[in-house]
Amino acid sequence: MPFYRTAESYKQGARTMPGEYYTSPAIFAEENERLFPRSWHCVGRSSALANAGDYMLRTVAGESLIILRDRGSELRAFFNVCRHRGTRLCEAAKGQFSETIQCPYHAWTYTIDGRLIGAPQMQDVPGFDKREFPLHSAALAEWEGFVFVNVAADPEPFAGVFASMLGRLTPFGLDRLTVGHSVTYEVAANWKLVFQNYSECLHCPMIHPELTAVLPYQSGANDLTEGPFLGGYMEIIDHAHSATMSGRACARFLTPDMPVDDRRRAYYYSLLPNMLLSIHPDYANYYVVSPLPALRT
């Protein structure tokens, strides 16, 4: 794919949105109603669910979801709600189901592929059929080792939304990587400002001089500038080998056959509405962005 220098892809007349888009509770409520429930959200790495029964809880567009791997090794996403009285099925953030998921209220019991197999006393209810009350599912897709979910009743297919990203990052072997370190922190800003800050480096000389020392901010070039994705690369300065504090590489190349050009670049991609991805020759970072009320992320 062709890359265009940031200065070349700049659109004359572009302006930041009015301040209310970053501060208005009404606009945030509209995003929660119209944007987040219809979008594909990254919820983590598939490697976190290595074995049958492994699960993790995630909140997407205000909905609690159980993401798990079933006995057939398929990844699934279920709304964390019992079909009987709406009780939350699971509270622990992660763990492993042995064979079933049981509601703590009336003991309705489901298999980890979502089928209802136990409903105490319901055998006396005329016409009741357990087959008609499986757990509600959310759409799920896997891409480069990342898991994405969509809580819409009729979501736009992942392959269509991510068409411009499919295959683009495969040469980096992201699906083979494992998480070495993770951290959670809050930013006192609207989620859109987090994306905008991540997607430009004009602030880097002032805020991140250590980064600028190895990645000159004028070297930016983008290959994606339309739709929900934005990204490209910055060039690693000649005397450095990676974007580390020392400039030295901290590991082997992500892939042994990495092209020469990619050994001198750091790639940065924004994937709306909740993922940021940094790919360096020797390591990668990914960020899951969770919008919070009161101008926090």
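Biologist: Before we get going, what is a disulfide here?

Modeller: This is a predicted model, so the call is made from the modelled atoms. The rule looks at pairs of cysteine sulfur atoms, and a pair counts as a disulfide when the two are within 2.5 Å.

Biologist: Which cysteines form a disulfide, and how far apart are their sulfur atoms?

Modeller: The rule asks for sulfur atoms within 2.5 Å. By this rule the count comes to one disulfide. It links Cys201 and Cys204, with the sulfur atoms 1.8 Å apart.

Biologist: Is the link of Cys201 and Cys204 left-handed or right-handed?

Modeller: Look at the angle about the S-S bond. For Cys201 and Cys204 it is -105°, and that makes the link left-handed.

Biologist: Are Cys201 and Cys204 buried or exposed?

Modeller: The cut-off for buried is under 20% relative accessible area. Cys201 has 14% relative accessibility, so it falls on the buried side. Cys204 has 2%, so Cys204 too counts as buried.

Biologist: Why is there no bond between Cys103 and the closest cysteine sulfur?

Modeller: A disulfide needs sulfur atoms within 2.5 Å. Cys103 is buried, because its relative accessible area is 5%. The closest cysteine sulfur belongs to Cys82, and it is too far for a bond because the distance is 3.8 Å.

Biologist: And where does Cys250 stand, buried or exposed?

Modeller: Cys250 is in no disulfide, as the nearest cysteine sulfur, that of Cys201, is 19 Å away. Exposed means over 50% relative accessible area. Cys250 has 52%, so it counts as exposed.

Biologist: Let's zoom out. How many helices and strands does the protein have?

Modeller: The chain has 297 residues, and buried ones make up 42% of them. Its C-alpha trace spans about 75 × 45 × 30 Å along the principal axes. As for the elements, the protein has seven helices and 16 strands.

Biologist: Which strands are at the edges of the four-stranded open sheet?

Modeller: The order in that sheet is β5-β4-β3-β6, and the pairing is antiparallel. An edge strand pairs on one side only, and that picks out β5 (75-79) and β6 (94-96).

Biologist: Within that sheet, which residue in β4 stands opposite Met56?

Modeller: Strand β3 covers residues 54-60 and strand β4 covers residues 63-69; they pair in the antiparallel sense over six bridges. Opposite Met56, in β4, stands Ile67.

Biologist: What about the three-stranded sheet: what is the average twist from one strand to the next?

Modeller: Here the order is β7-β8-β9, again an open sheet with antiparallel pairing. Its edge strands are β7 (100-102) and β9 (116-118). From one strand to the next, the twist averages 35°.

Biologist: How many residues are in the hairpin that joins β15 to β16?

Modeller: Strand β15 (residues 275-279) and strand β16 (residues 284-288) run antiparallel, joined by five bridges. Met275 stands opposite Val288 in this pair. The hairpin goes from β15 to β16 through four residues.

Biologist: Val288 also belongs to a nonpolar surface patch. What is the accessible area of that patch?

Modeller: Val288 shares the patch with Val179 and Tyr286. Val179 is in the loop between α4 (158-161) and α5 (191-198), and at 47% relative accessibility it counts as partly exposed. Together, the three residues of the patch have an accessible area of about 230 Å².

Terms used: Residues numbered from 1 in each chain as written. Predicted model: local features only at pLDDT ≥ 70, side-chain atom pairs only at ≥ 80, totals over all residues. Heavy atoms only, no water. Patch = residues over 30% accessible without salt bridge, like charges linked within 9 Å, V, L, I, M, F, W, Y side chains within 5 Å. Areas by Shrake-Rupley, 256 points an atom, 1.4 Å probe, with all protein chains shown as cover. Salt bridge = Lys/Arg side-chain N within 4 Å of Asp/Glu carboxyl O. Helix = DSSP H or I, 4+ residues; strand = E, 2+ residues; numbered from the N terminus. Buried < 20%, exposed > 50% of the residue type's maximum accessible area, 1.4 Å probe, protein only. Pairing = 2+ DSSP bridges. Axes fitted to C-alpha atoms, helices over the stretch in contact; angles between N-to-C directions.
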